[in-house]
Amino acid sequence: MIALGSIALIVSKVRAGSIETKLDRNDTHTRALLNEYLFADIDTDDVNTHRAEFIRRLQPYLVQLENGLEIVNVSRNNPRKRSLKRVMLQLTTEVIGETLVRLTHAFHYFGFVDETNKSLQDDRWWIRAKGSKNAGLMMNESSLPYLEKCLDDQNDDVRTEAAQAMLDIAGVEILGPILMRLKEMTPWMQVRLSRSILAFGENSVPHLVTAMQSKYPKIQGFSVEMLGILGDIKATPTLLEYIDYSVRDVKHKSLIALGRIGDERSIPVIQRFLFSEDEQLRVDAAKAAGNLSTPSMAYDLYWMLVKDTLKVKFAAAEALARSGKLGIKSLTYAVTLDDAEVRMIAMQFLHEAGLPVDTSTIDEDNV
Amino acid sequence: MMELFIEFTNLVLNTYALFIIGFFVFVNVFYFSMYAISFGAIITYLRRHEFCDYRVIMQSELAPPVSILAPAFNESATCVESVISLLKLNYPTAEVLFINDGSRDNTLEIMIIEFDLIKTERAYIPAIATKEVRGIYVSRKTEYRNLIVVDKVNGGKADALNVGINVSRYPLVCAIDADSILESDALLKVAKPFLDDDRVIAVGGIVRIANGCKIERGHVLDVRLSKKLIPSFQVIEYYRAYLSGRMGWGAINGLLIISGAFGLFSREIVLKVGGYKHNTVGEDMELIVRMHRYCLENNIPYSVEFVPDPVCWTEAPETLKILGRQRNRWHRGLLDTLLIHKKMLFNKRYKVLGLVSVPYFVFIELLGPVIEAIGYVAVGLGFYFGMVNAEIFTLFFVVSVIYGVMFSISSVILEEISFHRYPRTQDLLKLLVLAVVENFGYRQITVWWRIKAFWDYARGVQSWGVMTRVGFKRK
Amino acid sequence: MAEKILVVEDDSNIEQLVTFKLKNSGYEVFTAHNGAEAIEFLKNTIVNLVITDVMMPIMNGKELVIELKKDPKNKSIPIIMLTSRTLEKEVVEGFSLGVEDYIKKPFSPQELLVRVKTVLARIKT
């Protein structure tokens, strides 16, 4: 049995080697023919306005590609057809513009879109997940209804790939509906979607604001985080409105987002959270205060540095170092206190801010 | 009188033989289930791998930042090159903390000159008590802005890592050995499980043996099997341990070891458990066990994951003497960790860990060599007194060798169907032959080293300090 | 005589695509699969332009640019980076290394051609 296993292994190894070289050669040939089609010289000024006409003119080149690869009327598992699909899928993530239009049309022409839509209804999760990914790459609107069903899938990966594919196909307009439909988001899904959302830029802001009304904390949290990264002050009122009604994790993310957006309207709320019962939220509020670089909270921050827990002291000192002249003055004063811990922290942040500790300039009335 | 003695010995030997056979069957059934679990887990991993492109992390603002902790003791020959390759790893936000653990050579001076370092103040909370930090340095050059060099009083590897954890600012910390060679996508691959599930607290990766491979500028270019026998045996051992062992443990959330050569941890949990313990030789295993315990005792839902993709390469010992020392230390570390956490054994409170992982490590990993050695002695005695039935003995021996070979070969097969890193057919052939040869001689030597570890452990309880430093110069 | 362009790219799809497009437009195109191969190639050949990817094995695009800018013979060759590393800090870093242009992947081959033409024209004047 062992001997058999070993022999099988060796044979498969040798065969795998030869298959690989063959695949490589196949793909090179495919790419050469595909490039002929992708760059065939036709009048391209009107791709967007006269799409139908453009696609009609592409037709002869598609036929030429099909003939060149000898894939007329072959089964879908024909190696040359596989090779074409593989190369096209790889290319579609790399190009945009007119070349991409040609690629997406070719996906449709060769029946790859129908094949993918079928796989979205498969019983096996990995086939559905891969299908979702391919559907996104092929950019064909006929996949949308199937993808929408996949948003409720049991499997994390299927949901992630489906949501991403929908954004790829339908653009920012579908962002709101997707977020309102989802119940759960893994960090991985957030990483995937964040790229598209940031690429849409301020166009995603209204959708993210809508999604803050979602019942599910994960979705709220993600929307808040994205709004913070986008840094659009249009989001401030909604963030301030919702912060008191949300769960702790969303509060945490909201404070970070408010800090990143840096809108002065959020000062009273941040200031209120400096006195939160929750240590983590005090830390977040202190950080947000630091990001706002305003002297208006320096007094509160100073007392946090003196009286609060170590973790909060630390955040408060960091915020003070960024809170203008008054902040620096408070830190400098803290260096003269009796409490060794406070002295050390204040000193560290003065150093880190590149300021020499000079206690001679302290004007005690100001602190 | 003599007859009575022989009869008594006979009884003992027979009982032991029964015990051995029972143990043997149990162990093999266990191994087989582990292999099956690993196999399933690898298939799932490969399926996901097909459509989850971890490189997306590279372009994301949401990727959790990573602090890489590289402790160094007398590494003047290699420190510059390894730091440069760490700085070049693919990851959106990462800082490299090089911790000079009071080197007696000119490691620090070389680093200062080579990276144009200046002393700086960096605010941090000394959450874990450590030896004194003498200074923190950063580079004046912008291309090295992610490098932080910490100079501290010598305190051993665990202490150096603890300093690193204190000074680091990012939510994930990555502990590596000074001589680990990381693949350029290593961080992306091990960070992925943290994204798949926010309960993940630690991730380990596969460590591969680099002997015989062509290495240039910190990259493994050409994967080859070493021409020497000793490293090649270890290749098979590593396959067994990682692919059909840890992969399965990871799948049932009972992974007890993440190699000190490469692991990624949640900084928050590491801080909560108090960092590495510095008076043990098995600090890497001990930390993981403590993290498990912390989460279980506080009812925090968590998971410890294992990534089967080959991400980290290490130079394996090439001589029996050094290998023996390494194995001796590993076994002492195992013994020490299990003694520290002995209350977990068969404790329902610790779920999979208490009921499966810890018993496995105690009875199979820790005591296995002892049982095996007693078996060898018993067979010797039996032959001497003419009490062993040669046929039955031969049968048993052949069966046990075949089982051993089968597991080794299964691991090689698992590697070949999943990641096939050895491109040359002759390397694969050689591995298969070695899987057989290994059972005659090499295996017995490793048993001897591990038994000796018990003796050294009992004798060396007072001499921790010396041992810690040996632990540092791993390999 | 046609202007010479060296394309440094480890992904054969893009390599073949870019090569095709540029050759179609009358340039003489050479290829290398990583920075080290590119350096080796440039020892014996002079080109008018280098188009390079960033993430490549052995020697990446950033290292290649640093190497080329160090070398008095090659430091005047204009370089276009073609890369999917699009975080702002990456782009800034690319320009600070002294590259002529930075094209984000996914890219439009038509736009690439226009940028190549612009860079070559700018160098001539």
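In this predicted model, where local features need pLDDT of at least 70, side-chain atom pairs count only at pLDDT 80 or more and totals for chains, interfaces and linings use all residues, strand E3 of chain C (residues 49-52) has its side chains on two faces: Leu49(C) and Ile51(C) point one way, Val50(C) and Thr52(C) the other, and all are buried. Buried here denotes 20 or more other C-beta atoms, placed from the backbone, within 10 Å of a residue's own. Strands (E, at least two residues) and helices (H or I, at least four) are DSSP runs numbered from the N terminus. Residues are numbered from 1 along each chain as its sequence is written, and chains are lettered from A and ligands numbered from 1 in the order in which they are written.

E3(C) has partners in E1 and E4 of chain C, two strands being paired if DSSP finds at least two bridges between them. Strand E1(C), residues 4-8, runs parallel to E3(C) and is joined to it by four bridges, with Leu49(C) as the bridge partner of Ile5(C). Three bridges link E3(C) to the parallel strand E4(C), residues 79-83, and there Thr52(C) is partnered by Met81(C). Between E3(C) and E4(C) the chain passes through helix H3(C), residues 61-70, in a right-handed β-α-β crossover (clockwise from the first strand over the helix to the second, with the strands pointing away from the viewer).

Chain A, in turn, has 20 helices and zero strands. Its C-alpha radius of gyration is 29 Å, well over the 21 Å that the globule rule (2.2 Å times the number of residues to the power 0.38) gives for 367 residues, so chain A is more spread out than a compact globule.

Note on methods
Buried ≥ 20, exposed ≤ 12 C-beta atoms within 10 Å, placed from the backbone.
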